[in-house]
Amino acid sequence: MSNRITAFCCNYTLSASEAALKKEGLIPEGVTLRPLPCTGRLEIKDLLNAFVEGAEAVVVVGCEKDACHNLKGSVRAEKRVKHVKGMLKELGMSPDLIEMHFAPRKASEPLIRAVEEMSQRLKG
Amino acid sequence: MIIAERKPLNEIMDMLKGVSRLLVLGCRGCVAICSAGGDKEVEILASAIRLGCKKQGMGMEIDTDTYIRQCDPEYIEPLKERGRQYDAVLSMACGVGVNFIADLCPGVRVLPGLNTSFYGANLSSGEWKEMCAGCGACVLHLTGGLCPVARCAKRLSNGPCGGSVGGRCEIDPNVSCVWFAIHSKMQQMNRADDLMEIMPIRDWRTAGHGGPRSRRREDLLS
Ligand code: SF4
């Protein structure tokens with residue numbers, strides 16, 4: 001079984017469903033895709049809970065900073081990811097277990113790459 | 001308002017060793033407004049503790065709640081009974097709330113989730129600054145409304161000291177010298193001459209140096 005990774009992304013950066021991406025072998029089985037209306041909706045609690053619920057690592061993929069559909073959603077998400085990195089450190093965990101990525105509209109590649117990069121990190 | 005910040009999670013996890021039933025208890029007063037101990041922060045801390053427990057292989061049942069205020073007896077009344085169901089209550093109120101629970105709820109083990117920092121103003125979202133020291137003998141009418149007790153590193157009553165350079169304090173060039181600001185303010189108000197009067201030596205007993213402070217108002221006592 002591949003590593004358990006939770007990938008949050010917004011509806012604008014997602015072009016295919018989790019099932020379709022898995023069917024094509026583009027993301028490993030252990031990945032859970034959690035699309036949101038906007039990554040700005042993500043709260044610190046949601047990111048922590050992803051770990052509590054079993055994720056070994058978390059990636060967040062939001063719109064490119066200057067092209068966010070909701071103007072500042074992905075920038076807000078980035079700040080929260082940074083905050084969670086600090087909290088992981090305080091708990092004696094690696095801050096590299098969570099990462100923020102920015103992607104153009106309807107492009108699956110950045111999400112696939114983000115997941116791949118995190119899988120490599122976990123294999124370390 | 002009272003400004004506080006969450007204690008480091010490793011410190012909190014250390015406090016919680018041996019706890020298997022925990023109540024994380026927020027307060028909707030000052031600490032909610034400064035985003036340290038309101039409903040949202042309670043949920044964040046509970047999640048962080050769950051993750052900490054998972055990492056350390058600790059089993060812990062965690063409940064959450066937020067009271068309107070932890071510094072008024074009527075709001076913490078239910079905790080007298082409820083608190084006994086837990087091995088510990090992690091209060092996310094300021095130190096007043098923690099003390100009050102400890103005083104009023106025998107048999108309840110209360111722990112602090114926050115470090116209470118100062119009385120401050122909200123400069124902008126996510127930024128607070130100390131503005132009052134609660135010294136009990138306000139001199140703001142003499143200083144253009146700017147507090148030398150809270151905002152001068154040396155708490156000088158007659159400043160500035162020799163370290164004031166270009167409106168900056170000698171402790172750090174990023175800190176403004178409040179005595180420079182007091183003189184500027186008084187000048188703007190054509191009251192600079194008022195500052196020629198030497199402020200007498202302060203009586204620090206009202207600031208807590210005479211022991212814990214309390215206040216009673218006969219007209220309000222029941
Ligand atoms: S430089 Fe100004 S603020 Fe700093 S210690 Fe001296 S009088 Fe106080």
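This section describes the ligand site, the strand pairing and selected backbone features of a predicted model.

The ligand is surrounded by 13 residues. The closest of these are B:Cys152, B:Pro160, B:Cys161, B:Cys169 and B:Cys177. Sorted by class, the shell around the ligand comprises nine nonpolar, two polar and two charged residues. The space that the ligand takes is the largest cavity. One of the closest residues, B:Pro160, is located in the loop between helix H7 (148-151) and strand S8 (168-169) of chain B. The peptide bond that leads from B:Gly159 to B:Pro160 is cis, with omega near 0°. In general, most peptide bonds are trans.

The strands of the two chains were examined next. Strands of a sheet pair through backbone hydrogen bonds, and the pairing is either parallel or antiparallel. In chain A, four strands form an open sheet in the order S2-S1-S3-S4, with parallel pairing. Strand S2 (31-36) and strand S4 (98-103) of chain A each have a single partner strand, so one side of each is left without a neighbour in the sheet. Direction ignored, neighbouring strands of this chain A sheet are turned by 20° against each other on average. Strand S1 (residues 5-10) of chain A runs parallel to S2(A), and six bridges join the two. Within this pair, A:Ile5 has A:Val31 in S2(A) as its bridge partner.

The segment before S1 of chain A contains A:Asn3. This residue, A:Asn3, counts as buried because its relative accessibility is 18%, and the cut-off for a buried residue is under 20%. A:Asn3 and A:Gly30 are separated by 27 residues in sequence, yet their C-alpha atoms are 5.4 Å apart in space.

Chain B contains an open sheet of three strands in the order S1-S6-S7, with antiparallel pairing. Its edge strands are strand S1 (2-6) and strand S7 (127-132) of chain B, each of which pairs on one side only. From one strand to the next, the twist in this sheet averages 70°. Strand S6 (residues 114-124) of chain B pairs with S7(B) in the antiparallel sense over five bridges. B:Ser124 has B:Glu127 in S7(B) as its bridge partner.

Parallel pairing is also found in chain B, where strand S2 (residues 21-27) and S4(B) are linked over four bridges. Here B:Val24 is matched with its bridge partner B:Leu90 in S4(B). S4(B) also runs parallel to strand S5 (residues 110-112) of chain B, to which three bridges join it. In that pair, the bridge partner of B:Val89 is B:Val110 in S5(B). In a regular strand the side chains alternate between the two faces of the sheet. Strand S4 (residues 88-91) of chain B is covered on both faces. B:Ala88 and B:Leu90 are buried on one side, and B:Val89 and B:Ser91 are buried on the other.

Two loop residues were considered for their backbone angles. Most residues other than glycine have a negative phi. A:Leu71 is not a glycine but has a positive phi of about 70°. It is placed in the loop between strand S3 (57-63) and helix H3 (73-90) of chain A. With a relative accessible area of 68%, A:Leu71 is exposed. B:Ser35, likewise a residue other than glycine, has a positive phi near 55°. B:Ser35 belongs to the loop between helix H2 (30-33) and helix H3 (39-56) of chain B. Its relative accessibility of 45% makes B:Ser35 partly exposed.

Key: Residues numbered from 1 in each chain as written. Chains lettered and ligands numbered in written order. Predicted model: local features only at pLDDT ≥ 70, side-chain atom pairs only at ≥ 80, totals over all residues. Heavy atoms only, no water. Near = heavy atom within 4 Å. 1 Å grid on protein atoms, 1.4 Å probe; cavity = no way out; pocket = protein on both sides within 12 Å on 5 of 7 lines; lining within 4 Å. Sits in = over half its atoms within 2 Å of the grid points. Nonpolar A, V, L, I, M, F, W, Y, C, P; charged D, E, K, R; others polar. Pairing = 2+ DSSP bridges. Axes fitted to C-alpha atoms, helices over the stretch in contact; angles between N-to-C directions. Buried < 20%, exposed > 50% of the residue type's maximum accessible area, 1.4 Å probe, protein only.
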